[in-house]
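Here are some short exercises to try with the structure open beside you. Have a go at each task before you read the worked solution.

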Amino acid sequence: MFNAQSAAVNRNRWSNLFLFNYLFCAIIDRDASTDEAEQLANRVLEWLVDERIVCATLSDCVLSSTLGYAPGPNFRKALEIPYAVRRGQDGEKEPDFTDLETNLSPATNGLEITTQRTLFSPMGGGFELICDQCNSRLEIDDKWGAAVDEWYSESGSSILTCPICQHAQPVTEWQYDPPAALGALGFTFWNWGYFYSSFIEEIGRLLNHRVIVVSGEI
Ligand SMILES: [Zn+2]
C-alpha cells in the first residue's frame with residue numbers, strides 16, 4: 001500500500017512534521033446544504049465502516065471535545081503517507097503506522113465529522129483569497145468577514161466582489177491559498193496523514209458533490 005516513489009516526493013514534507021503534535025486532514029463537501037449534511041455524513045460513514053477504514057462506534061479519539069471514529073483494521077487502504085515517521089536503519093525516515101494501529105485511548109487518531117457551517121482552515125497562519133476570474137490574490141479583509149458572517153447566519157447573499165475585476169460570487173466559491181473552505185459538512189481525520197487521491201475521489205462520488213482537502217498542523 002505504501003508507495004516508495006511518493007515517499008521520496010514527500011520527504012521534504014516530512015522534514016517539518018516533528019514541529020507539531022497534531023496533523024489534521026479534512027475532506028470538505030463544497031456543495032452540501034446544512035439540511036442535507038447529516039444524511040450525507042451517514043452515507044459516507046456507512047461506507048467507511050463497511051470498508052473497515054474506521055470503527056463503527058464513537059470514542060474519545062479526536063482533538064475537540066466531541067467524539068470520533070477510531071481507525072478500523074483497514075485504515076491503510078485510505079492512507080498514502082502516514083503522519084508518523086521513525087528513523088530506519090540507514091537513518092532515513094520511514095513510515096510508522098504504530099500510532100494508528102495501537103489505537104490506544106485517549107489517542108488522537110480518529111475521524112471527526114462536522115455537520116454544521118464551518119470555516120475549515122489550515123491553522124497557524126493566514127491565507128489569501130484568489131479570484132477565479134482574474135487570478136488576483138487578495139488579503140482577507142472586513143468585506144470578506146462580512147460575507148462570511150452572512151453565510152454563517154444565513155442572513156444575506158454572502159456575495160463577495162473582487163475589487164480588481166468586479167466579479168461577484170458567493171464567498172464559498174472563492175479559492176484560498178493555502179487551501180481553506182467554507183462548508184456544512186467535513187470529515188476531519190486527526191494524525192492519519194495524507195490520503196490516496198482515489199480515496200478522496202470516492203468520498204466525492206459518494207456525496208455526488210465537489211470536495212476539497214484542507215490540511216494543517218497545530
Ligand atoms: Zn477578480
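Strands are DSSP runs of E with at least two residues, numbered from the N terminus. The model you are looking at is predicted.

**Exercise 1. Find the element that holds Ala56, then decide how exposed Ala56 is.**

Step 1: Look along the chain, and you will find Ala56 in strand S2, which covers residues 54-59.
Step 2: Count neighbours. Ala56 has 13 C-beta neighbours inside 10 Å.
Step 3: Compare with the cut-offs: 20 or more means buried, 12 or fewer means exposed, and partly exposed lies in between. Ala56 therefore counts as partly exposed.
Step 4: As an extra, take the distance to Gly68, 12 residues away along the chain: the two C-alpha atoms are separated by 9.7 Å.

**Exercise 2. Describe how helix H3 and helix H6 pack.**

Step 1: Locate the helices: H3 spans residues 34-50 and H6 spans residues 197-207.
Step 2: Their axes are 9 Å apart and make an angle of about 135 degrees. Because of that angle, H3 is oblique to H6.
Step 3: Add the handedness, which is right-handed for this crossing.
Step 4: List the residues that meet. From H3 come Leu40, Arg43, Val44 and Trp47, and from H6 come Ile203, Leu206 and Leu207.
Step 5: Sort them by class: the contact has six nonpolar residues, no polar ones and one charged residue.

**Exercise 3. Work out where Glu154 and Asn191 sit, and whether each is buried or exposed.**

Step 1: Start with the background: most residues other than glycine have a negative phi.
Step 2: Now check phi here. Glu154 has a positive value, near 50 degrees, and Asn191 has a positive value too, near 65 degrees.
Step 3: Place them. Glu154 belongs to the loop between helix H5 (142-153) and strand S11 (159-161). Asn191 belongs to the loop between strand S15 (185-190) and strand S16 (193-195).
Step 4: Count neighbours again. Glu154 has 9 other C-beta atoms within 10 Å, so Glu154 is exposed. Asn191 has 24 C-beta neighbours inside 10 Å, so Asn191 counts as buried.

**Exercise 4. Identify the form of the peptide bond from Asp177 to Pro178, and say where Pro178 lies.**

Step 1: Recall that most peptide bonds are trans.
Step 2: Read omega for the bond from Asp177 to Pro178: the value is near -5 degrees, and the bond is cis.
Step 3: Finish with the location. Pro178 is in the loop that runs between strand S13 (175-177) and strand S14 (181-183).

Terms used: Residues numbered from 1 in each chain as written. Predicted model: local features only at pLDDT ≥ 70, side-chain atom pairs only at ≥ 80, totals over all residues. Axes fitted to C-alpha atoms, helices over the stretch in contact; angles between N-to-C directions. Helix = DSSP H or I, 4+ residues; strand = E, 2+ residues; numbered from the N terminus. Parallel < 35°, antiparallel > 145°, perpendicular 65-115°, else oblique. Left-handed = near helix turned anticlockwise from the far one by under 90°. Contact = placed C-beta atoms within 7 Å. Nonpolar A, V, L, I, M, F, W, Y, C, P; charged D, E, K, R; others polar.
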